[in-house]
Amino acid sequence: MYKIVTDSAANIAPEEAASLGVTVLPLSIIFGDREYRDGEDLTPAAFYEMLENDPHHPHSSQINIAAFETVFAAAKEKGESLFVITLSSALSGTYASAVSAKKNGNYDNVYVYDSLGATVMEKMLVIAALRLTDKTGEEIAAALDCVRARMRIFAVVDTLEYLHKGGRLKKGAAFVGKIIDLKPIITVSDGGSVVLSGKAIGTKRAIRAIRQVVLADTIDTDYPVYYLYSKTKEKCAALAEAIHPGRPEYTENASNLCSVIGVHIGPGAAGICYIRK
């Protein structure tokens, strides 16, 4: 039987992690000389206030090898097996840290899996893995590969400035949003990188563009649909109403993007993540 371990980029709040029985290791957020543990001593609400008002532009820091070694050693001592799902290796060195920790300690009880995703994409895989904890590591990974291949995420952001500052997007693409009121639409590629999937003049047109793409798909109702936002819910509510009209629970249950993702997305984003049939 496997226990599931993930990182704070999965957008799983501490209380939800406790109810799911999932261990969440925090990445770090750094403002100047101050370091915070994502989700533990820096909430999303507090983070966005700091992002807009602090003179220092923040950056995130991956989970180091030692942190994983501590968790792996404790599990080995207890006779537990761990299935570790990390933030995309294309976006963070966290996956590499987990792999190194496993190798350094010869932890045969640990399986490390690259989500090739971020935020609720990672959470979706965690939820899927929880259904499979009685399988082998290879069987869980194979099942997650199938889920991951059908996963889609789209978000409209106010600006690509934060993605560019964080080195997650090329300079040329980052200037797209500076033209009139052009709103970039982003997604995550099959290789786990953030890419520009479209653009529209104004938020309303961007929402219509995302709606068109989503409704062209058939959503697999065996999996949850996650809406997400950064700082405020207004755009998220408009997106949810456009795609799932008359279903206020989608907005009510939407996720405020965690700090480690907010560093690169900035405030004013709204998006949807789902699994295709």
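The accessible surface of the protein chain comes to about 12500 Å², and carbon and sulfur atoms contribute 51% of it. The model is predicted. Of the 277 residues in the chain, 51% count as buried. The secondary structure consists of 12 helices and 13 strands.

**Overall dimensions and contacts**

- A compact globule of 277 residues would have a radius of gyration near 19 Å, and the 18 Å found for the protein chain agrees with that.
- Taken along the principal axes, the C-alpha atoms occupy a box of roughly 60 × 45 × 30 Å.
- Among contacts in the chain with a separation of 6 or more, 73% are between residues 24 or more positions apart.

**Charge**

- The chain carries 30 positive and 32 negative side chains.
- The centres of these two sets lie 8 Å apart.

**Strands β1, β6 and β7**

- Strands of a sheet pair through backbone hydrogen bonds, in either a parallel or an antiparallel sense.
- Strand β1 covers residues 2-7 and runs parallel to β6, to which five bridges join it.
- Within that pairing, V5 stands opposite V84 of β6.
- Strand β6 spans residues 81-86 and is mostly covered, with five of its six residues buried.
- β6 also pairs with strand β7, residues 110-114, in the parallel sense and over five bridges.
- Two facing positions can be located in the pairing with β7: L82 stands opposite V110, and T86 stands opposite D114.
- Strand β7 is mostly covered as well, since four of its five residues are buried.

**Loops that follow β1 and β7**

- N11 lies in the loop between β1 and α1, the latter being residues 14-20.
- The phi angle of N11 is near 60°, a positive value in a residue other than glycine.
- N11 counts as buried because its relative accessibility is 10%, where the cut-off for buried is under 20%.
- L116 is placed in the loop between β7 and α5, which covers residues 120-130.
- L116 is not a glycine, yet its phi is positive, at about 50°.

**The six-stranded sheet**

- Six strands make up an open sheet with mixed pairing, in the order β10-β9-β8-β13-β11-β12.
- The edges of this sheet are β10 and β12 (255-256), each with a single partner strand, so one side of each has no neighbour in the sheet.
- Strand β11 (residues 226-229) and strand β13 (residues 270-275) run antiparallel and are joined by four bridges.
- In this antiparallel pair, Y226 of β11 faces C273 in β13.

**D190, between two strands of the sheet**

- D190 is found in the loop between β9 (182-188) and β10 (194-201).
- The relative accessible area of D190 is 76%, so D190 is exposed, the cut-off being over 50%.
- From C-alpha to C-alpha, D190 and P248 are 31 Å apart in space, and they are 58 residues apart in sequence.

**D145, in a helix**

- D145 belongs to helix α6, which covers residues 137-149.
- With a relative accessible area of 34%, D145 is partly exposed.
- D145 and E161 are 16 residues apart along the chain, and their C-alpha atoms are separated by 32 Å.

**H244, between two helices**

- H244 sits in the loop between α10 (234-243) and α11 (248-252).
- The relative accessibility of H244 is 15%, so this residue counts as buried.
- Leaving out residues up to four places away in sequence, H244 touches V225, Y227 and Y250.
- Of these contacts, Y227 falls within strand β11 (residues 226-229), and Y250 falls within α11 (248-252).

Note on methods. Residues numbered from 1 in each chain as written. Predicted model: local features only at pLDDT ≥ 70, side-chain atom pairs only at ≥ 80, totals over all residues. Heavy atoms only, no water. Rg over C-alpha atoms; globule rule 2.2 N^0.38 Å. Buried < 20%, exposed > 50% of the residue type's maximum accessible area, 1.4 Å probe, protein only. Contact = heavy atoms within 4.5 Å. Areas by Shrake-Rupley, 256 points an atom, 1.4 Å probe, with all protein chains shown as cover. Lys, Arg positive; Asp, Glu negative; His and termini not counted. Charge placed at Lys NZ, Arg CZ, Asp CG, Glu CD. Pairing = 2+ DSSP bridges.
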